[in-house]
There are 2 protein chains.
Amino acid sequence: MSRKDYHKGNVREGLIEAAERVLHDEGLVALSLRRVAREVGVAPSAVYNHFKNREALLAAVAADGYRQIAELELAAYSGQSKSAAVVRGVARDYLHFAAANPNLYRLMFSHDVVGYRSDPELGQAGDRSFGISVDWWYGSGSYDPGQTALEYPYAMSVWAILHGLALQMIDGLVTMDLSKRESVDKLADTVMDIFLEGASLGLVDK
Amino acid sequence: MSRKDYHKGNVREGLIEAAERVLHDEGLVALSLRRVAREVGVAPSAVYNHFKNREALLAAVAADGYRQIAELELAAYSGQSKSAAVVRGVARDYLHFAAANPNLYRLMFSHDVVGYRSDPELGQAGDRSFGISVDWWYGSGSYDPGQTALEYPYAMSVWAILHGLALQMIDGLVTMDLSKRESVDKLADTVMDIFLEGASLGLVDK
DNA sequence: GCATAATGTGAACATTGTTCATATTCTTCC
DNA sequence: GGAAGAATATGAACAATGTTCACATTATGC
């Protein structure tokens with residue numbers, strides 16, 4: 001082994017970045033531990049010095065995704081009054097994130113792959129993103145991670161419909177151009193109209 | 001090779017049944033092609049006489065799931081007037097299905113694993129289940145698979161919120177007992193109240 | 001009855017996640 | 001400065017997986 005075969009820099013960070021790149025460009029199927037190691041120029045076994053196993057590496061990537069969503073929520077929610085316009089704005093931003101990072105978005109919610117509750121960092125990042133929404137709907141400081149989501153029905157409902165919509169969109173169930181801002185906006189607006197005004201409006205017997 | 005080493009019966013059906021059993025009991029991770037072959041008592045290569053590859057086998061399982069949902073929708077929708085009570089009923093049934101078959105439900109919507117649009121049988125089964133909902137909201141015969149889902153905003157919104165809610169539930173984001181009918185019903189009712197009446201009710205500036 | 005299609009077998013291959021013994025480098029303390 | 005020990009790297013090995021291949025057996029149709 002020659003001296004230059006060794007890496008000094010921040011390998012852990014490099015692994016995450018490489019994983020994010022492969023995930024974005026080629027999807028979860030291509031995201032093997034060995035592939036990521038190859039990408040960074042390191043032996044497969046070296047990965048285990050930084051992550052417990054493949055799942056832990058994926059969890060780190062997913063946690064990064066939750067942090068991005070939390071940022072997006074903070075920007076849209078913080079200091080805003082409880083108006084429908086704010087909800088509409090968050091919906092747009094949320095869908096834009098999913099449209100720009102479909103594979104990352106899918107991974108974040110593949111709880112059978114990444115074990116949401118088993119990785120503390122991941123669970124924490126997820127809770128935080130939900131908590132931001134709860135605090136807006138129910139008042140700052142309302143969120144308690146120990147409580148069940150049922151305690152926050154508005155925040156839970158918003159997230160449910162946004163998540164379902166995002167999946168429908170990135171899985172191609174809605175025919176549209178994911179790269180067009182206007183298409184994504186229109187989708188968000190159409191569904192949020194119904195959600196905010198109430199689906200009863202579409203019924204005969206209300 | 002002796003004569004009795006050969007299988008005569010319907011191997012294809014046996015493979016699907018075994019796959020459904022393994023999926024239900026042990027999850028997608030355990031659902032390997034070789035495992036299913038072992039379960040049926042057949043060589044791994046024999047599977048390729050009945051399915052193009054592993055993905056096609058999974059797609060057949062997923063298609064079965066969509067047919068179950070279609071049945072459930074038919075039972076709840078057919079001949080019913082457009083009332084909120086019907087929507088609430090479908091929501092309960094939908095969540096009950098997801099609660100009883102969490103792994104199957106996840107697989108059905110893992111479009112990166114099963115390739116929703118690449119398998120014709122799967123796409124058709126999925127379209128049918130969506131079509132039943134569309135026909136109820138917009139009148140029998142309204143559904144056209146060539147149209148984008150955006151043409152049917154009510155059907156799309158309902159499905160989005162139910163799907164998001166189902167995932168939240170089976171992934172344990174809502175603390176509850178999945179086997180208790182009342183728990184599932186309460187979750188469905190709480191969220192459908194908001195969806196039907198409009199989330200604006202929770203806002204200050206409506 | 002026989003050609004042929006359908007369906008089965010086992011061996012082989014590349015790839016994957018993971019572990020292990022071992023080698024190199026970094027850090028820290030004297 | 002230099003030695004001890006923690007971090008971090010390596011390559012070899014293992015079992016398991018999806019898939020293909022040459023070939024054997026059974027079923028079907030003329």
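**Exercise 1. Determine how much space lies in the second largest cavity, and state which residues line it.**

Solution. In this predicted model, about 30 Å³ of space lies in the second largest cavity, where a cavity is a set of points, on a 1 Å grid over the protein atoms alone, at which a 1.4 Å probe fits but cannot get out, and lining residues have an atom within 4 Å of a point. The volume is the space filled by probe spheres set on the points, which are joined across faces, edges and corners. Next, the lining is read off: chain A gives A:Asp112, and chain B gives B:Leu23, B:Leu28, B:Asn103, B:Arg106, B:Leu107 and B:Ser110. Helix H5 (residues 102-108) of chain B supplies the largest share of this lining, three residues, a helix being a DSSP run (H or I, at least four residues) and a strand likewise (E, at least two), both numbered from the N terminus. Finally, the lining is sorted into three nonpolar, two polar and two charged residues, with Ala, Val, Leu, Ile, Met, Phe, Trp, Tyr, Cys and Pro taken as nonpolar, Asp, Glu, Lys and Arg as charged, and the others, Gly among them, as polar.

Two conventions apply throughout: residues are numbered from 1 along each chain as its sequence is written, and chains are lettered from A and ligands numbered from 1 in the order in which they are written. Because the model is predicted, local features need pLDDT of at least 70 and side-chain atom pairs count only at pLDDT 80 or more, while totals for chains, interfaces and linings use all residues, and side-chain values use heavy atoms, with hydrogens and water left out.

**Exercise 2. Find how many cavities of 30 Å³ or more there are, and describe the largest cavity.**

Solution. The count comes to two cavities of 30 Å³ or more, and the largest cavity holds about 40 Å³ of space. Its lining joins A:Phe109, A:His111, A:Trp159 and A:His163 with B:Leu167, B:Gln168, B:Asp171 and B:Leu173. H8 of chain A and H8 of chain B each supply at least two of these residues, and the classes come to four nonpolar, three polar and one charged.

**Exercise 3. Characterise the largest pocket by its volume and lining.**

Solution. A pocket is an open set of points with protein on both sides within 12 Å along at least five of seven lines, and the largest pocket has a volume of about 760 Å³. It is lined by 28 residues, and A:Leu28, A:Val113, B:Leu28, B:Asp112 and B:Val113 lie nearest its centre. The elements that give two or more residues to this lining include helix H3 (54-77) and helix H8 (153-170) of both chains. The lining divides into 13 nonpolar, five polar and 10 charged residues.

**Exercise 4. Describe the interface of chain A and chain B, and establish which salt bridge links A:Arg88 to a distant part of its chain.**

Solution. The contact (heavy atoms within 4.5 Å) takes 50 residues from chain A and 50 residues from chain B. The buried area, which is the accessible area (1.4 Å probe) that two parts lose on being put together, summed over both, is about 4400 Å², with carbon and sulfur atoms giving 65%. Between the chains the count is zero salt bridges, a salt bridge being a side-chain nitrogen of Lys or Arg within 4 Å of a carboxyl oxygen of Asp or Glu. On the side of chain A that touches chain B, H8(A) gives the largest share, 12 residues, and that side divides into 29 nonpolar, 14 polar and seven charged residues.

The whole structure, by contrast, has 20 salt bridges over all chains. In one of them the side chains of A:Arg88 and A:Asp193 meet at 2.3 Å, N to O, which joins helix H4 to helix H9 of chain A across 105 residues.
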